[in-house]
Structure formats: C-alpha cells, structure tokens
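Trainee: I would like to learn how to read a fold feature by feature. Where should we start?

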Amino acid sequence: MPQATAAAATTLAEAAASPTLLLLGRRADPAVERGVICPGAVPDPADPDLVERARAARAALGDAVFILGHHYQRDDVIAFADARGDSFKLARDAAASGAPHIVFCGVHFMAETADILTAPTTTVILPDLAAGCSMADMAEIAQVEAAWADLSDAGAGPGHTVPLTYMNSSAAIKAFTGRAGGAVCTSSNAERALRWAFDRGEQVLFLPDQHLGRNTAVRRLGLSLDDCVVYDPHQPGGGVEPARLRAAKVVLWKGHCSVHGTFVPAHVALVRAKVPGVKVLVHPEVRYEVVEAADLVGSTEFIINTVRAAPPGTAWAIGTELNLVGRLAQEHPEQTITYLNDKVCFCSTMNRIDLPHLVWALESLAAGRVVNPVRVDPDTAGWARVALDRMLALPGA
Ligand code: 13P
Ligand code: SF4
C-alpha cells in the first residue's frame, strides 16, 4: 500500500495529483474541513493508567477547563464530560461555560462552532484533529459558491433563495450562509428554521444533508417530494435544469451521513418481524423511506428523552449512532433496546476522540501547553456568528 510521504500536499490540486494515500495524523489534508495532524506524544492506548491520568489532569485543571461531550462519544470519554448533549445543546453550553479552555469531545465543526460562540480569550481544543465529519466534507465552500451562482443564473439566488445550513458544515459555509441572509439549523430545530426561511424567501437551499432537509420539508412542512430537487455539486449546474432549479421550493444539497445513510427500510421490516410491538425510533439524517417506515423521528436529544419517558417494558429499535444506542441500552435495563441495523455502525470520526487523546490534551493543558486549538479567523467567525445567532433566536430555541 502506498505510504504518505513527508512532502505534504498543501493545495487541492496537489492532493488530487498525489499518488499517495493520506494516513490520518501524518499531514494536512486540504480536501477536508478539518486538519489531520496530531503532533506530540499521545499516550499508548494499552497504558493501564489512562483513566487515573485523565482524572489527575482533570482535577489539576479545576475550573480552568470545561469538557463537552457529544452523545456519540465513546463511554470511556463521555465519562469525563462536564456536559453532554446533541450539537445544539453543546453549542449553547459552550457559549455559556465561561471557562478559559474548552475541551470538545465531538467533531471538528462542533469545535469550530464553540470557538465562534465563545469569547476570543477562550481556547477550544479538539483532542484529535482528525475527528471530522464525512457529511460536512461533502460541501466545500467553493462548491457552495458555485451553486449560488447556478441558482442566480437560473433566476433564483439572492432575493429568492434563503440558505439554511445544518450545523454539520464548515465555518466557511456558515459564514456564507450568514452573508446571504440565512441561518444555521440542527436536527432539533430544522422545522422552525425552515419556516423562518420561508417567511423570508420563496425557496430554501438546504445544506449539506439532503435527508434532514427532505424529511423536514415533506414530513413537517407538508411540501411534496416534487417540491424538492437535489443539487449535485459534482454535476454541471448541479445536474438540474435551470427552470426546475428556479421552480423548486427546496434545493437539497447532495450530502448525507455515512452512518445514518446505512439504514434501509428492510431493517425496519426485519425488526418488526422479530420483536412484536417494537417501536422504531430514528434520527432525521436517515433516508426518507426509513423515516416513513419508522414510528418516531427526532434529534439525539429527542431519542434520549423519548426512551427515558417511556413506560418500562417498551421495546425500541433505534436508528442512530451505535455508541449512543449502546449507552441507552445500558442506562435503561427496564426497556428492551435493539439496534436498527444488522451491521456495527459507529461514527468512525467521533470515535477518533479516545482516552489517549483526551489524556494528552488534558495533561498538555495542565503543563501549560494548548494542543490542537481550533480557531476560526475573525471575518469567517463574524459572519458564521450571524447565521448561528439567527438560529439561537428562533422562536422556542
Ligand atoms: P445532533 O444534531 O442530533 O447532535 O446530530 C449531530 C450529528 O452529527 C448527527 O450525526
Ligand atoms: Fe458526521 Fe454522521 Fe458522524 Fe454525525 S454521525 S458526525 S453526521 S459522519
């Protein structure tokens, strides 16, 4: 297998021309929304003292650090989180924390968001910079700008189209959205955000998750599947006729989550046949056909609250990331909880935050060294903040 060489590619063109495979942690990858270099001595995963080391570093840091953990994090990492949540709750927790250092156990776009929402004096640390998001990587800012130009050429765009970007996107795309009069949304508020956008324009450009956009537009707002078109950034003009592009109510970016995209309607049929009375509960990043076949759909926070509130003895098949489903099963022995997929389906990038990286980040900080800071440049941060503030100001947010 070809190995990454010391000569790192620094531009997209160089990366494309490079015959080598990228090894995570060895060099920068300009084709993704996050970096991949993790400099320094990360402890050996086999070190039996990792938990004790993490505890000691955490205690030494006291109020100087606030640890945020997304629900998809591993058990041994989430055990150290001062606050757990979905991406929406963690954005709010970051903004409210007041700590000088935030260690973000989640993925890169979440750490960027925390940096944007906190004071310039706060440092946000991502224990492994290779913890990106494959969905966020499906929309690059240059592609989004090209799509906006295609929409304008088709007679849509400014004055007609309001961009909405899912939290799972780069800071550059959030900034574009802010400049173009749009807002950020998460899986907990996508319906409110879509209604907000339709109060301001005729059409919504929904980035980068086609499934969340379609599921919300059709199932919550009552639009039809024909009201939506899919814009493919790899096709000229997005692969959509200009007249169709202009007429659509919702232009869905052709992106998806590689974890939630694995669920298919057959999984629902199978679990219903195997577990009598089972309720199927899925995240809105799953395909439309799967949501249609399920009983309930909602964000990770919704999934957790639904299981918590259910009477003992309820049987659930849950379609979301496996760390969360496994933890729900452990925390709710009074319920019967099964995974909706017949395959093991962790989010591989969420899982890059492991105990060795957490220990490394905390011990370095205790020794006065900030490793893996995530910083968004002030202009990008300013416009991204505009789009984030519009989300935070949504009614009921
Ligand atoms: P939430 O918005 O539910 O936290 O989801 C984030 C995410 O990455 C889901 O795949
Ligand atoms: Fe991205 Fe999917 Fe992982 Fe969420 S679960 S961080 S959308 S790849």
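**Sheets, helices and ligand shells**

Mentor: We start with one strand pair in this predicted model: β7 and strand β9 (residues 250-253) pair in the parallel sense over three bridges. Val-204 stands opposite Val-250 in β9.

Trainee: What is the strand order of the open sheet of five strands?

Mentor: The order is β6-β5-β7-β9-β8, and the pairing is parallel. The edges are formed by β6 and β8 (228-231), each of which pairs on one side only. On average, neighbouring strands of this sheet are turned by 25° against each other, direction ignored.

Trainee: Which strands does helix α9 lie across?

Mentor: Helix α9 (residues 210-220) lies across β5, β7, β8 and β9, and runs at about 155° to β9.

Trainee: How is the open sheet of four strands ordered, and which strands stand at its edges?

Mentor: This sheet has the order β2-β1-β3-β4, with parallel pairing. Its edge strands are β2 (83-85) and β4 (123-125); each has a single partner strand, so one side of each is left without a neighbour in the sheet. The twist averages 25° from one strand to the next. Strand β3 (residues 101-105) and β4 run parallel and are joined by three bridges, with His-101 opposite Thr-123 in β4.

Trainee: Which helices pack on that sheet, and at what angles do they run?

Mentor: Helix α4 (residues 87-97) lies across β1 (65-70), β2 and β3, running at about 175° to β1. Helix α15 (residues 355-366) packs on the sheet as well, touching β1, β3 and β4, and its direction makes about 175° with that of β3.

Trainee: Now a helix by itself. Is α7 largely enclosed or exposed?

Mentor: The general idea is to count buried residues, where buried takes 20 or more other C-beta atoms within 10 Å. In helix α7 (residues 171-179), eight of the nine residues are buried, so the helix is largely enclosed by the rest of the structure. The buried ones are Ala-171, Ala-172, Ile-173, Lys-174, Ala-175, Phe-176, Thr-177 and Gly-178. They pack against α5 (108-117), α6 (141-153), β5 (161-166), β6 (183-185), β7 (203-207) and α16 (378-392). Just after α7, Gly-181 has a positive phi of about 85°.

Trainee: How do the axes of α7 and α16 cross?

Mentor: The axes come within 7 Å and cross at roughly 65°, and the crossing is left-handed. The contact of α7 with α16 comprises nine nonpolar, three polar and two charged residues. On the α7 side they include Lys-174 and Arg-179, and on the α16 side Trp-383 and Leu-388.

Trainee: Why does Gly-319 count as buried?

Mentor: Gly-319 lies in strand β12 (residues 315-319). Gly-319 counts as buried because it has 28 C-beta neighbours inside 10 Å. Leaving out residues up to four places away in sequence, Gly-319 touches Phe-263, Val-280, Val-282, His-283, Val-286, Val-290, Ala-294 and Leu-340. Thr-262 is 57 residues from Gly-319 in sequence and 9.5 Å away in space, C-alpha to C-alpha.

Trainee: Which residues surround ligand 1, and which are closest to ligand 2?

Mentor: Ligand 1 is surrounded by Asp-86, Ser-87, Phe-88, Asn-168, Thr-186, Ser-187, Cys-257, Glu-285, Ser-299 and Thr-300. That shell has two nonpolar, six polar and two charged residues. Ligand 2 has 13 residues around it, the closest being Cys-133, Met-135, Cys-257, Val-259 and Cys-347. The shell of ligand 2 divides into eight nonpolar, four polar and one charged.

Notes. Residues numbered from 1 in each chain as written. Chains lettered and ligands numbered in written order. Predicted model: local features only at pLDDT ≥ 70, side-chain atom pairs only at ≥ 80, totals over all residues. Near = placed C-beta within 6 Å. Nonpolar A, V, L, I, M, F, W, Y, C, P; charged D, E, K, R; others polar. Buried ≥ 20, exposed ≤ 12 C-beta atoms within 10 Å, placed from the backbone. Helix = DSSP H or I, 4+ residues; strand = E, 2+ residues; numbered from the N terminus. Contact = placed C-beta atoms within 7 Å. Pairing = 2+ DSSP bridges. Axes fitted to C-alpha atoms, helices over the stretch in contact; angles between N-to-C directions. Left-handed = near helix turned anticlockwise from the far one by under 90°.
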